[in-house]
Amino acid sequence: MWFKFKSDSPEEIERKRRAEAAIAALQNGEVMPRAKHRIEHHMASGAKLFSTDMTVKEHILIEECGIQPLGQVMGSCFYRIGFWNTNVSNRYTGEIYAIAEAHRDARQKAVDRMKKEAVLYGADGIVSVRIKSSRPDYSSDLVEFTAIGTAVKVHNWEKEDLDDEPFTSELSGQEFWQLIHSGYRPVSIVFGICAYYVNTDYSTRNLTSRSVWFNQGNQEVRQWTQGFYEARERAMIGMQKDIEDHGADGCVGMSVDCDIDDIEYEISNTSYLDLLITMTALGSSVKKMKRAHKVIERKPLTMLNLSNKSFVKIGGSRTDELRGTIDDEDFMNDYD
């Protein structure tokens, strides 16, 4: 008996072709085809439209730094961690390199893909980058890293202050304005991570046991404290190396996050408690500009207050913008 299979519709064939093209682009380190087509069509049209998730205040301050927003860009990577140290008998105290390397590689791929979208815009940098990353844990073998920002064009900067590839910065518009005003420029988002496993020894096991027989009063669990310090130092060393690799002078806006997983297991009817300490450091590397960029200062605006029929001036200073509020002292009555 012959079976007759229904052939794919033209729509299904086109869907499969697009999916294969997208996978091929990822493998070759290229921008996704649909995103590439959208950006190229936008640039070829000559339209002055731009897209950004920055607030109005951030957008105004960014423009004062000689920055022209072009469009929102994104890079993402889902990464599977291979087999690592899941055998109870092989557990030891030390860094789990598989987790750290997976996060570094996922981060690099995501940021590189975001930069390549920015290059299609002809951008000099990416500002207001938001980072989303999955939480490393003992049970999961999948990590995810996504970076979203606004591609921008730089005007009136020295050529020496522009690198061959777009700069990246996770600073807000207010922080970016302050940075440029102080004579520094962003270089790149820098990253350091360490996943450190603490295999609890006999003495620590007695201290952390809930059994009344091992209750020894208030004491520091030194092995766990030592593991926490070790994880921090290794993450900071990784970040410092990232700063040096980008030729930056330092790092600002740094955040340090720590996740601690309790690993409970049982061997021969005996319960054990280990720790997985994951320390992550993230920040924006900066470098002194060759020539400080002159930030645009807007002239005060004169307005008529219809409630009392008086003229008021709104000062040109951006201090109110940096605070995010406008105080009463920013309004000056000409008739006082």
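Let's start with charges: Glu14, Arg17 and Arg18 are linked in a network of salt bridges. Keep in mind as we go that what we are looking at is a predicted model. Across the whole structure there are 14 salt bridges, and I'd like to walk you through three more pairs.

The first pair is aspartate 242 and arginine 107. They form a salt bridge in which the closest N and O atoms are 3.1 Å apart. Have a look at where the partners sit: aspartate 242 is in helix H7, residues 222-245, while arginine 107 is in helix H4, residues 97-120. That is a separation of 135 residues, so this pair links distant parts of the chain. Are these two charged residues buried or exposed? Aspartate 242 has a relative accessible area of 9%, which makes it buried. Arginine 107 is buried as well, at 8%. For anyone new to this, the cut-off for buried is under 20%.

The second pair also involves helix H4. Here the side chains of lysine 115 and glutamate 165 meet, with 2.9 Å from N to O. Lysine 115 belongs to H4, and glutamate 165 is in the loop between strand S4 (142-154) and strand S5 (167-168), so the salt bridge ties together parts 50 residues apart in sequence. The two partners have unlike surroundings: lysine 115 is buried, at 9% relative accessibility, whereas glutamate 165 is partly exposed, at 44%.

Now a pair within one helix. Arginine 234 and glutamate 230 form a salt bridge, again with the closest N and O atoms 2.9 Å apart. How many residues separate them in helix H7? Four, which is about one turn of the helix. There is a nice general reason to keep in your head: an α-helix has 3.6 residues a turn, so residues three or four places apart point the same way. Arginine 234 is partly exposed, with 27% relative accessible area, and glutamate 230 is partly exposed too, at 25%.

Let's step back to the whole chain. It has eight helices and 11 strands. Of its 336 residues, 39% are buried. If you take contacts with a separation of 6 or more, 72% of them are between residues 24 or more positions apart. On the outside, the accessible surface comes to about 20300 Å², and 52% of that belongs to carbon and sulfur atoms.

So what is on the inside? In general, nonpolar side chains in soluble globular proteins tend to be buried together. In this model, the largest nonpolar core has 32 residues, and the members touching the most others are Val73, Met114, Tyr121 and Leu276. Several elements each supply at least two residues, including strand S1 (67-80), strand S3 (125-133) and strand S6 (184-198). Which element gives the most to this core? That would be H4, with eight residues. So the helix from our first two salt bridges comes up again here.

Let's zoom in on methionine 114. Leaving out residues up to four places away in sequence, methionine 114 touches a list that includes Val73, Met74, Ile126, Val129 and Ala147. There is also another core apart from the largest one, made of 14 residues, with Val127, Val152, Trp157 and Ile180 among them.

Next, helix H3, residues 56-64. Its buried residues are Glu58, His59, Leu61, Ile62 and Glu64. Leucine 61 is at 0% relative accessibility, so it counts as buried. The C-alpha atom of leucine 61 is 9.4 Å from that of glutamine 178, a residue 117 places away along the chain. After H3 comes glycine 66, with a positive phi near 80°.

Some nonpolar residues are found on the surface. Ile23, Leu26 and Met32 form a nonpolar patch there, with about 230 Å² of accessible area together. Methionine 32 sits in the loop between helix H1 (10-27) and helix H2 (33-45), and is partly exposed at 35% relative accessible area.

Last stop, the cysteines. How many disulfides does the structure hold? Zero. As a reminder, a disulfide is a covalent bond between the sulfur atoms of two cysteines. Cysteine 77 is buried, with a relative accessible area of 5%, while cysteine 258 is partly exposed, at 29%.

That's my tour; thanks for listening!

Technical notes. Residues numbered from 1 in each chain as written. Predicted model: local features only at pLDDT ≥ 70, side-chain atom pairs only at ≥ 80, totals over all residues. Heavy atoms only, no water. Disulfide = S-S within 2.5 Å. Buried < 20%, exposed > 50% of the residue type's maximum accessible area, 1.4 Å probe, protein only. Contact = heavy atoms within 4.5 Å. Areas by Shrake-Rupley, 256 points an atom, 1.4 Å probe, with all protein chains shown as cover. Patch = residues over 30% accessible without salt bridge, like charges linked within 9 Å, V, L, I, M, F, W, Y side chains within 5 Å. Salt bridge = Lys/Arg side-chain N within 4 Å of Asp/Glu carboxyl O. Core = buried A, V, L, I, M, F, W, Y, C linked by side-chain atoms within 4.5 Å.
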